[in-house]
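This report describes selected parts of one protein chain. The sequence and structure are shown first.

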Amino acid sequence: MTGNRVVALACAAVTVVACHGATPGPRSMADSKPVDARITPEARALFHNLQLVRREHVMFGHQDDLAYGFTWNAEPGRSDVKETAGAYPAVYGWELGHLELDSAQNLDGVNFDTLRGWIGEAYARGGVITISWHLNNPVTGGSAWDTTRAVAAILPGGAQHDRYVGWLDRVAAFLGSLKGPKGEPIPVVFRPYHETSGSWFWWGGRHRTPEEYVQLWRMTVEYLRDTKGLHNLLWAYSTDVFNSEADYLRQYPGDEWVDVLGFDDYQSVRRPGDPALPRRLRGIVQLADARGKIPIMSETGLAGIPDPQWWTGTVLAGIRRDPVGQHIAWVLVWRNATNFQHGDKVYAPYPGHPSAADFVRFYKDPLILFGDELPNMYAAPAAPAAQAPGAAPSR
Ligand code: BMA
């Protein structure tokens, strides 16, 4: 949070009338609030600041940014994004898969103790933390991609329920151990059971009923929030690509159980000008605005980024194309994998990468925020309750 590129929230926070535009925004800041009534002050501030920032800007995120890059692994201070654009991302995505097994490292080889340090570092720098969880199949012990039916078995009364609760205890211990400099719990946008519309994970699509998914979600929220007392979480529901509201909401846990609405989309970004990208961005923003939630493009990317103009020509142009869709809070690209499983390659550039110059243009665009441009996301915005109902501004 340095320099004159830091954005001001004054417009969104105060001069509502002047900011009024054609786009429907959150109904009001009073209506728009986190689902946890006992949420920590920092996590509550994060929620409201995400709503304010997205009136004017879109934050850029990268998965595993500090953990490894194209040519390096676990080297302090390093980041392919920073080394290419000059700034760290605004949003840091992390992954908990295998924490449930009490493993020292996650399924991608990231050590959990080191990860705790990186999360603290990113938070201290003012970044936003979001965490996914590719947990193993609790019935077979296979991976998240083992689609043997398992959801019913971990619901209360199911044969694996106790095992699942034990897994949640480990997740709770980790999420509860994330502490800021004053000992405050670090806010986390927690995004379990993602890409649920697809059928490649055991919690997805064909492998459970929508009702079972809803029960799993609610049970998980209740256990971590109410039983384990974690109040530093914003809850992010996410599907894969969707083409209608009904499609998106098929297994939606309900407005009382979700803070953030996300979708993962690696399809509409394969070529410039695909109308599905602005259409889906518009769709998720409208869904979120109607509910007082925060819309995000929770995962995207083009493996290897073979198009040298991809950042501005496909991503930025797609975001700008729709006046509603551009109110997405963030767009996060996937990890710069070093193990090349699942067809992974880099999703963010590194110095010398063919798209590096375009990535710098993307960074410099006033719409897009990196870590050096963020307002204080963890301080309560000025008088959020005074926010009038109405529209997000046009940009
Ligand atoms: C997937 C792939 C996998 C990885 C998993 C969790 O999308 O990147 O290689 O293990 O995410 O990070």
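The text below covers strand pairing, one helix, one loop residue and a set of salt bridges. The model is predicted.

**Strand 3 and its neighbours**

Strand 3 spans residues 91–95, and 5 of its 5 residues are buried. Val91, Gly93 and Glu95 point one way from the strand, while Tyr92 and Trp94 point the other way. Burial applies to both groups.

Strand 3 has a parallel partner in strand 2 (residues 58–63), with 3 bridges between them. In this pairing His62 stands opposite Tyr92. Together with helix 4 (residues 80–85), strands 2 and 3 make a right-handed β-α-β unit.

Strand 3 also pairs with strand 4, again in the parallel sense, over 5 bridges. Here Tyr92 stands opposite Ile129 of strand 4. The chain passes from strand 3 through helix 5 to strand 4, and this β-α-β crossover is right-handed. Tyr92 therefore faces His62 in one pairing and Ile129 in the other.

**Helix 7**

Helix 7 runs from residue 161 to residue 176 and has 16 residues. The distance from its first C-alpha to its last is 22 Å, close to the 22 Å expected at 1.5 Å a residue. Its buried residues are His161, Tyr164, Val165, Trp167, Leu168, Val171, Ala172, Phe174 and Leu175. What covers these residues? The cover includes helices 5 (112–124), 6 (151–154) and 8 (210–227). It also includes strands 4 (128–133), 5 (188–192) and 6 (233–239).

**Gln251**

Gln251 sits in the loop between helix 9 (245–249) and strand 7 (260–265). Is this loop residue buried or exposed? Its relative accessibility is 4%, so Gln251 counts as buried. Leaving aside residues up to four places away in sequence, Gln251 touches Thr196, Arg208, Pro210, Tyr213, Val214, Tyr237 and Thr239. With Arg208 there is a polar contact between the two side chains, at 3.2 Å. The C-alpha atom of Gln251 is 9.7 Å from that of Gly204, a residue 47 places away along the chain.

**Salt bridges**

The whole structure holds 19 salt bridges. Three of them are set out here.

| Acidic residue | Basic residue | N to O distance |
|---|---|---|
| Glu83 | Arg78 | 2.8 Å |
| Glu212 | Arg149 | 3.8 Å |
| Asp365 | Arg320 | 2.6 Å |

Glu83 and Arg78 belong to a network of salt bridges that also links Glu75. Glu83 is partly exposed at 32% relative accessibility, and Arg78 is partly exposed at 23%.

The salt bridge between Glu212 and Arg149 starts from helix 8 on the Glu212 side and reaches the loop between strand 4 and helix 6, where Arg149 lies, so the pair ties together parts that are 63 residues apart in sequence. Glu212 is buried, with a relative accessible area of 17%. Arg149, at 48% relative accessibility, counts as partly exposed, because the cut-off for exposed is over 50%.

The side chains of Asp365 and Arg320 also meet in a salt bridge. Asp365 lies in the loop between helix 12 (356–364) and strand 10 (368–369), and Arg320 lies in helix 11 (residues 310–320), so this pair joins parts that are 45 residues apart in sequence. Asp365 has a relative accessible area of 14% and is buried, whereas Arg320, at 37%, is partly exposed.

Definitions and conventions. Residues numbered from 1 in each chain as written. Predicted model: local features only at pLDDT ≥ 70, side-chain atom pairs only at ≥ 80, totals over all residues. Heavy atoms only, no water. Helix = DSSP H or I, 4+ residues; strand = E, 2+ residues; numbered from the N terminus. Expected span 1.5 Å × (residues − 1). Buried < 20%, exposed > 50% of the residue type's maximum accessible area, 1.4 Å probe, protein only. Contact = heavy atoms within 4.5 Å. Pairing = 2+ DSSP bridges. Right-handed = clockwise from strand over helix to strand, strands pointing away. Polar contact = N/O pair within 3.5 Å; in protein donor to acceptor, adjacent residues only side chain to side chain. Salt bridge = Lys/Arg side-chain N within 4 Å of Asp/Glu carboxyl O.
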